[in-house]
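Please read the following report with the sequence and the structure side by side, and look up each part as it is named.

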Amino acid sequence: MKIAFFDAKAYDKPSFELFGAPKGMEFKYYEDKLTEDTAELARGCEAVCVFVNDNVNAAVIDRLYALGVKLIALRSAGYNNVDVEHAFGKIHVVHVPAYSPYSVAEHAAALLLTSIRRIHKAYNRTREFNFSLSGLTGFDLHGKTVGVVGTGKIGRIFIDICRGFGMSVLAYDKFPAKDSGLNYVELDELFRESDVISLHCPLTDETRHMINSEAIAAMKRGVVIVNTSRGALIDAEALLEGIKERKIGAACLDVYEEEADIFFEDRSGHILSDDVLARLISMPNVILTSHQAFLTEEALRNIAETTVNNISAFLEGDGVCENELCYHCGKIEHCKKQRLGRCF
Ligand code: NAI
């Protein structure tokens, strides 16, 4: 089985090679992202392996289907970039539901601490032998309230970290975890009461722009917003306005709505045409990393292992691949729990 590996980065190949492709599986690495134009690279391949910024829309799926591709193997947990509904009945879709929720939760905590203790500023100063403390005053997390939106694998670990700091936790989830002991509140209360808000829910039609101008207006002055989930959870223009109006105290972003053509690449020396992003980066109270939260040795190892196992399970014929995403009954997560065999 030949697998076209799209958006391949320098750190991908070693982790996949370390794990070793099983017999009968050959990876063809392409640096290009999967689009309608690059889909042709999958000719002769039975599977494509994609990441978060490969745009696997209906047109791309039709193109892959015409080329005889049978499997889309996501190297990520989130699957908002794949039209799973359109793929149903044509191409199977598998993902890596968990590879290291610690990597993302710990990155969220790292961004938060860096931001509120101005570590990024201090680092630059001391490298130039500037030992002044002026403008570096932060605040204690102890005793503050954190609002966590999405209490799945990553959200729960982030909550544990915040509790370690002595923070009070408010939680919101569309499907609250029973017997978790978490203090679930409605979203508007979480917005109103939190000093720090961290997003850990998936991007869906419902959650797109959940942080918009109306939500920001309801928040505390000086609120710190952390987003390590998906960029489009936040209306970036509204965020910028909130920062300019001094309503938002700080923003810690690992993701950005329009990141697909920008993140993961060296753009230094180029003129950034995205004015909103350029303005956000220019703000002293915005910290941005380029979708880096997953990037730990442990996570890369687990991604490679689960992806290869997912593809092997598919190769083995009628076996159930527990990580298949299917749209059979219209509810992907529900379907995953209910089905006993392959969906089609
Ligand atoms: P998970 O599936 O374990 O948890 C997601 C939680 O969100 C669930 O509890 C679910 O009930 C909740 N949820 C679903 N719809 C919701 C809604 N409308 N409002 C509020 N909550 C809702 O997922 P996990 O592993 O915790 O990942 C969370 C997100 O983190 C992923 O969807 C992905 O977008 C992002 N992520 C980012 C990475 C990065 O490198 N920056 C890496 C991995 C994941």
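## An aromatic group and two sheets

Phe 5 and Phe 16 are both buried. They belong to a predicted model, and they make a useful starting point for reading it. For Phe 5 the relative accessible area is 0%, and a residue counts as buried when that value is under 20%. The rings of Phe 5 and Phe 16 have centres 4.9 Å apart and planes at 85 degrees, and because planes over 60 degrees apart count as edge-to-face, this pair is edge-to-face. Phe 5 lies in strand 1 and Phe 16 in helix 1 (residues 12-19), so the pair ties together parts that are eleven residues apart in sequence.

Phe 5 also has a second ring partner, Tyr 29, with the ring centres 4.8 Å apart and the planes at 50 degrees, so this pair is tilted. The pair links distant parts of the chain, since Phe 5 is in strand 1 while Tyr 29 is in strand 2, 24 residues apart. Tyr 29 is partly exposed, with a relative accessible area of 24%, whereas Phe 5 is buried. Together with Phe 27, the residues Phe 5, Phe 16 and Tyr 29 form one aromatic cluster, and the structure holds nine aromatic pairs.

### The mixed sheet

Strands 1 and 2 lead on to a wider arrangement. Six strands form an open sheet in the order 2-1-3-4-5-12, and the pairing within this sheet is mixed. Why do strand 2 (26-29) and strand 12 (324-325) each have one side without a neighbour in the sheet? Both stand at the edges, and each has a single partner strand, so one side of each is left without a neighbour. Elsewhere in this sheet, strand 3 (residues 47-50) and strand 4 (residues 71-74) pair in the parallel sense over four bridges, and the bridge partner of Val 50 in strand 4 is Leu 74. Helix 11 (residues 297-315) lies across strand 1 (2-5), strand 2, strand 3, strand 4 and strand 5 (92-94), and it runs at about 160 degrees to strand 4.

In the loop between strand 5 and helix 4 (101-116) lies His 95. Is His 95 buried or exposed? With a relative accessible area of 4%, His 95 is buried, and a polar atom of its side chain lies 2.8 Å from the backbone oxygen of Ala 77.

### The parallel sheet

Another open sheet of six strands has the order 7-6-8-9-10-11, and here the pairing is parallel. Its edge strands are strand 7 (168-172) and strand 11, each of which pairs on one side only, and from one strand to the next the twist averages 15 degrees. Strand 6 (residues 145-149) and strand 8 (residues 196-199) pair in the parallel sense over four bridges, with Leu 199 in strand 8 as the bridge partner of Val 149. Strand 9 and strand 10 likewise pair in the parallel sense, over five bridges, and the bridge partner of Val 226 in strand 10 is Cys 252. Five of the six residues of strand 10 are buried, so strand 10 is largely enclosed by the rest of the structure.

Helix 9 lies across strand 9, strand 10 and strand 11, running at about 140 degrees to strand 10. In helix 9 (residues 236-244), the buried residues include Ala 236, Leu 239, Leu 240 and Ile 243. The buried residues of this helix pack against helix 8 (213-218), strand 9 (223-227), strand 10 (248-253), helix 10 (275-282) and strand 11 (286-288). At the start of helix 9, a side-chain oxygen of Asp 235 reaches to within 3.1 Å of the backbone nitrogen of Glu 237, and the helix is followed by Arg 246, whose phi is positive, near 65 degrees.

### Around the ligand

Which residues come nearest to the ligand? Of the 22 residues around the ligand, those that come nearest are Tyr 99, Lys 153, Ile 154, Asp 173 and Thr 228. The table lists polar contacts with an oxygen atom of the ligand.

| Residue | Polar atom of the residue | Distance to a ligand oxygen atom |
|---|---|---|
| Ile 154 | backbone | 2.9 Å |
| Ser 229 | side chain (N or O) | 3.3 Å |
| Arg 230 | side chain | 3.3 Å |

Ile 154 thus appears both in the table, through its backbone, and in the list of residues that come nearest to the ligand.

Note on methods: Residues numbered from 1 in each chain as written. Predicted model: local features only at pLDDT ≥ 70, side-chain atom pairs only at ≥ 80, totals over all residues. Heavy atoms only, no water. Pairing = 2+ DSSP bridges. Helix = DSSP H or I, 4+ residues; strand = E, 2+ residues; numbered from the N terminus. Contact = heavy atoms within 4.5 Å. Axes fitted to C-alpha atoms, helices over the stretch in contact; angles between N-to-C directions. Phe/Tyr/Trp six-rings, centres within 6.5 Å; stacked < 30°, edge-to-face > 60°. Buried < 20%, exposed > 50% of the residue type's maximum accessible area, 1.4 Å probe, protein only. Near = heavy atom within 4 Å. Polar contact = N/O pair within 3.5 Å; in protein donor to acceptor, adjacent residues only side chain to side chain.
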